[in-house]
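Subject: The structure I promised you

Hi,

Here is the structure we talked about, so you can open it alongside this email. Have a look around first, and then read on for what turned up.

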Amino acid sequence: MANDLADRITKVLAIKKWQWRKEYCVPRCYLLGWEADLLVLPSNKMLEEVEVKISLADFKADFINKKAKHVSLQKGRSPLSYFWFAVPTELVEAVKPLIPDYAGLLSVHVNGLYSVTVIKKAPLLRGSKKLNQNLEIKLLRLAYLRIWK
């Protein structure tokens with residue numbers, strides 16, 4: 001059930017938030033030293049990550065289980081340009097005060113009318129730059145392997 005909800009949220013994000021036919025959207029991708037729920041590479045090459053959380057406990061655990069990731073985001077030591085949390089609509093009020101300065105927040109409605117609302121815009125991360133060609137090739141290879149595994 002939990003994975004089903006996370007998968008539905010990821011699909012809604014790719015379709016409703018990002019133009020998945022024009023931008024690369026790669027779900028469940030291990031590229032940066034951790035697994036990202038969704039990596040998005042728009043035409044401007046400024047890599048974005050979305051971390052999907054389906055409960056408050058899941059949200060809080062991310063800061064414990066992926067501490068090195070959050071330190072690198074905070075200090076600008078990541079190839080990411082933007083970092084988002086995405087949660088079901090009913091979880092927004094619980095996580096909103098806990099969103100760190102370096103992250104944005106997306107509310108995803110997955111029951112009936114699918115929609116994505118930006119609650120807090122993700123800021124441009126410190127030290128961000130266009131994704132280098134080596135990482136871009138790795139990301140595209142991972143996308144390819146999602147289809148042909």
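Let's start with R28, which is partly exposed because its relative accessible area is 42%. Keep in mind throughout that this is a predicted model. R28 sits in strand β1, and its backbone does something worth a look: phi is positive, about 40°, although R28 is not a glycine. As background, most residues other than glycine have a negative phi. K45 also has a positive phi without being a glycine, with a value near 65°. You'll find K45 in the loop between β2 and β3. With a relative accessible area of 27%, K45 counts as partly exposed.

From R28 you can step across to A36, since A36 touches P27, R28, C29 and E49, leaving aside residues up to four places away in sequence. A36 belongs to strand β2, which covers residues 35-41. Is A36 buried or exposed? Its relative accessibility is 1%, so A36 is buried. If you want a distance to check in your viewer, the C-alpha atoms of A36 and V52 are 8.9 Å apart, with their positions 16 residues apart in sequence.

V52 comes up again in the second largest pocket, which holds about 200 Å³ of space. This pocket is lined by 13 residues, and those closest to its centre are N3, A6, D7, D37 and V52. Three elements give two or more residues to the lining: α1 (2-17), β1 (24-30) and β3. Which of them gives the largest share? That is α1, with five residues. By type, the lining has six charged residues, five nonpolar ones and two polar ones.

Next, strand β4, residues 82-88. Seven of its seven residues are buried, so β4 is largely enclosed by the rest of the structure. What does β4 pair with? On one hand there is strand β3 (residues 48-52), which pairs with β4 in the parallel sense over five bridges. Within that pairing, E49 stands opposite F83; E49 is also one of the residues that A36 touches. On the other hand there is strand β5 (residues 104-109), which runs parallel to β4 and is joined to it by five bridges. Here F85 of β4 stands opposite L105 of β5.

F83 and F85 also take us to the aromatic residues. How many aromatic pairs does the structure hold? There are five. One of them is F63 with F85, a tilted pair with 5.7 Å from centre to centre and 40° between the planes. This pair links distant parts of the chain, as F63 is in helix α2 (residues 56-65) and F85 is in strand β4, 22 residues apart. The two partners have their own surroundings: F63 is partly exposed because its relative accessibility is 25%, while F85 is at 0% and therefore buried.

Another tilted pair is F83 with Y102, at 6.4 Å centre to centre and 45° between the planes. F83 lies in strand β4 and Y102 in the loop between α4 (92-95) and β5, so this pair ties together parts that are 19 residues apart in sequence. F83 has a relative accessible area of 0%, so it is buried. Y102 counts as buried too, because its relative accessibility is 11% and the cut-off for buried is under 20%.

If you colour the aromatic residues, look for F59, F63, F83, F85 and Y102, which form one aromatic cluster.

Last stop is helix α5 (residues 133-148), where you will find N134. Buried or exposed, this one? N134 has 59% relative accessibility, so it counts as exposed. The C-alpha atoms of N134 and Y114 are separated by 35 Å, and the two residues are 20 apart along the chain.

If you only have a few minutes, I'd begin with β4, as seven of its seven residues are buried, and then follow F83 and F85 into the aromatic cluster. After that, go to the pocket and its residues N3, A6, D7, D37 and V52.

Cheers

Notes:
Residues are numbered from 1 along each chain as its sequence is written. This is a predicted model: local features need pLDDT of at least 70, side-chain atom pairs count only at pLDDT 80 or more; totals for chains, interfaces and linings use all residues. Side-chain values use heavy atoms; hydrogens and water are left out. Buried means under 20% relative accessible area, exposed over 50%, partly exposed in between (1.4 Å probe, protein chains only). Helices (H or I, at least four residues) and strands (E, at least two) are DSSP runs, numbered from the N terminus. Two strands pair if DSSP finds at least two bridges between them. On a 1 Å grid over the protein atoms alone, a cavity is a set of points where a 1.4 Å probe fits but cannot get out, and a pocket is an open set with protein on both sides within 12 Å along at least five of seven lines; lining residues have an atom within 4 Å of a point. Grid points are joined across faces, edges and corners, and a volume is the space filled by probe spheres set on the points. Ala, Val, Leu, Ile, Met, Phe, Trp, Tyr, Cys and Pro count as nonpolar, Asp, Glu, Lys and Arg as charged, and the others, Gly among them, as polar. Contact means heavy atoms within 4.5 Å. Rings of Phe, Tyr and Trp (its six-membered ring) pair if their centres lie within 6.5 Å; planes under 30 degrees apart count as stacked, over 60 as edge-to-face and the rest as tilted.
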